[in-house]
Amino acid sequence: MPADFFADISDQQTPPHYFYFDGSTWKPSATGATVEVISPIDGSIVGTIPMLSSQEMDTALLRATEAQVSWEATPMNKRVGIVHLAADWIRHFQDYLVALLIREVGKSKDEAKGEIARTADLIDYFADEVQSMRGMTLDSDNFPGFEKGRIAMIERVAHGTVLAIAPFNYPVNLTASKIAPALLMGNSVVVKPPTQGGISALHLVRIFEKAGVPPGVISTVTGTGEVVGEHVVSHPMVSMVAFTGNSDTGVAIAGKAAMKPLLFECGGNNPVVVMPDADMVVAAREIIKGAFAYSGQRCTGIKYVLTTPAIREQLVALVLKTMPEMVKMGDPRSPETKLVGPVISEEAAIKIEQAILASVKNGAKCVIGGKRNKAMIEPTVLTNVVPSMPIIAKETFGPVVSFVDVSSFDEAAVIINRSSYGLQASVFTKDEGSGLVFAKKLNVGSVQVNGSPQRGPDHFPFLGVKRSGVGVQGVRYSLEAMSRLRPVVLNKPQ
Ligand code: G3P
């Protein structure tokens, strides 16, 4: 039963005060300081999570460092078995985790079920894929000027302790996407959950603990991003940092991480280019889905559409005509609600509203939506937007899509490449060959041809350039990123 399995991660009060995990024990912080997790749906307190002292963070990191050596020495097949068991536990507690996710971050039931199921599948895929990771050998005489006789034996080894920092919008999936590869490659993992979504992430850590991850190998450091950023990121016992979150935070963390390997997914504006020959019905539906899914709170959410005025007129009309079928703002717990519920907080909603108002003041036209009620932002479509307007100059993590007129598709490519973001872009055209040619002009992580930007399927490479990320995620790529090569050069008897 969930109540038993998760019993000792909180004080079981109403609302529960959750504990942090120091690697072997769940307990409150000695500071007594906590932060409330407020549901965006109804403003209720889901629970509290502790704010750790730097000493408590140091203890978790010391335990992680000490435990890592024996964890890496654990046979791979045992590490694989533990990680597979974690995936099974996730499936076993799916309903409980889904209900918590809905309340904590305002996902719909379908979105929450999708995240939990996808997480279990992702963890299993990591545990399968790692078994095909291979080292290699190289002979000295392959290179000009060198004789036979030396051989490099190259294996992949752990970094040491990985600091995993996860975002609110996928607090289970994007925590697991760091924990699983880190553990499988022999690292210890110190998890920094988001504040909102942090309770769901703590439940995930409990699942890995119960699956058999040894004491010290996994732990949590909870508290504000600033405290963790200041103290943990630059800590000498942190070997590698894996982060998903907004670009400003990413830049700040990267600045503190010094020479540490980084694996970052940050913000993106994910433009869509619609060519004259595109299937406009498909383009309109993908734009709606890509812009409004989970209330636009996805790093891969569509933020603007680039096309010529004539196409924009036709496309906006089609988007407005199709929206009532695909989008209905409301309580994410209601089956009537489609794609758009509250954003993560009223504070976040106010920032989105301000960006809309500032852009309209600068000449943008609001053709639908634009209004806020507490944490609810209406699904919004703006036209006559230019790249310098606040609504797209900075990532707007909300249900807003902007149309930017261009006079040519070369101009569209210039606008995309001038952006400080570079996560994904989409191009819609019936001629996939010209889509491919256009895609190669874009300085972004991935380009989707005739599809909206998305991270999945999760074995595909997923990366951002510029302020959108560092390194490459995706099953095999994450396993490689969570490890390093260790060549040992030996004499090779002739
Ligand atoms: O916002 C997180 C980013 O990973 C988006 O994932 O699957 O919604 O494209 P997805």
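**Ligand shell and two sheets**

Reader: By class, how many residues of each kind does the shell around the ligand have?
Author: This is a predicted model, in which local features need pLDDT of at least 70, side-chain atom pairs count only at pLDDT 80 or more, and totals for chains, interfaces and linings use all residues. Residues are numbered from 1 along each chain as its sequence is written, and side-chain values use heavy atoms, leaving out hydrogens and water. Ala, Val, Leu, Ile, Met, Phe, Trp, Tyr, Cys and Pro count as nonpolar, Asp, Glu, Lys and Arg as charged, and the others, Gly among them, as polar. The shell then has four nonpolar, three polar and four charged residues.

Reader: Where does the ligand lie with respect to domain 1 and domain 2?
Author: The residues around the ligand (a heavy atom within 4 Å) include Arg118, Asn169, Arg298 and Phe462. Domain bounds come from an automatic or database domain assignment. Domain 1 (20-266 + 472-486) and domain 2 (270-457) both give residues to this shell, so the ligand lies between them.

Reader: What percentage of the ligand's accessible area does the protein cover?
Author: Polar contacts (N or O pairs within 3.5 Å) to ligand oxygen atoms involve the side chains of glutamate 265 at 3.1 Å, arginine 298 at 2.7 Å and threonine 300 at 2.6 Å. On its own, the ligand has 300 Å² of accessible area (Shrake-Rupley method, 1.4 Å probe). The covered part is 97%.

Reader: Which strands stand at the edges of the three-stranded open sheet?
Author: Strands are DSSP runs (E, at least two residues), numbered from the N terminus, and two of them pair if DSSP finds at least two bridges between them. The order in this sheet is E5-E6-E24, with antiparallel pairing. One side of each edge strand is left without a neighbour in the sheet because each has a single partner strand; these strands are E5 (136-139) and E24 (483-491).

Reader: Which residue in E24 stands opposite glutamate 155?
Author: Strand E6 (residues 150-158) pairs with E24 in the antiparallel sense over nine bridges. Opposite glutamate 155, E24 places arginine 486.

Reader: What is the average twist from one strand to the next in the seven-stranded open sheet?
Author: The order is E14-E17-E18-E13-E12-E19-E20, and the pairing is mixed. Strand E14 (365-368) and strand E20 (446-449) are the edge strands, each pairing on one side only. With axes fitted to C-alpha atoms and angles running from 0 to 180 degrees between N-to-C directions, the twist averages 25 degrees.

Reader: Which residue in E19 stands opposite valine 274?
Author: Strand E12 (residues 272-274) and strand E19 (residues 424-428) run parallel and are joined by three bridges. The residue opposite valine 274 is phenylalanine 428.

Terms used:
Helix = DSSP H or I, 4+ residues; strand = E, 2+ residues; numbered from the N terminus. Polar contact = N/O pair within 3.5 Å; in protein donor to acceptor, adjacent residues only side chain to side chain.
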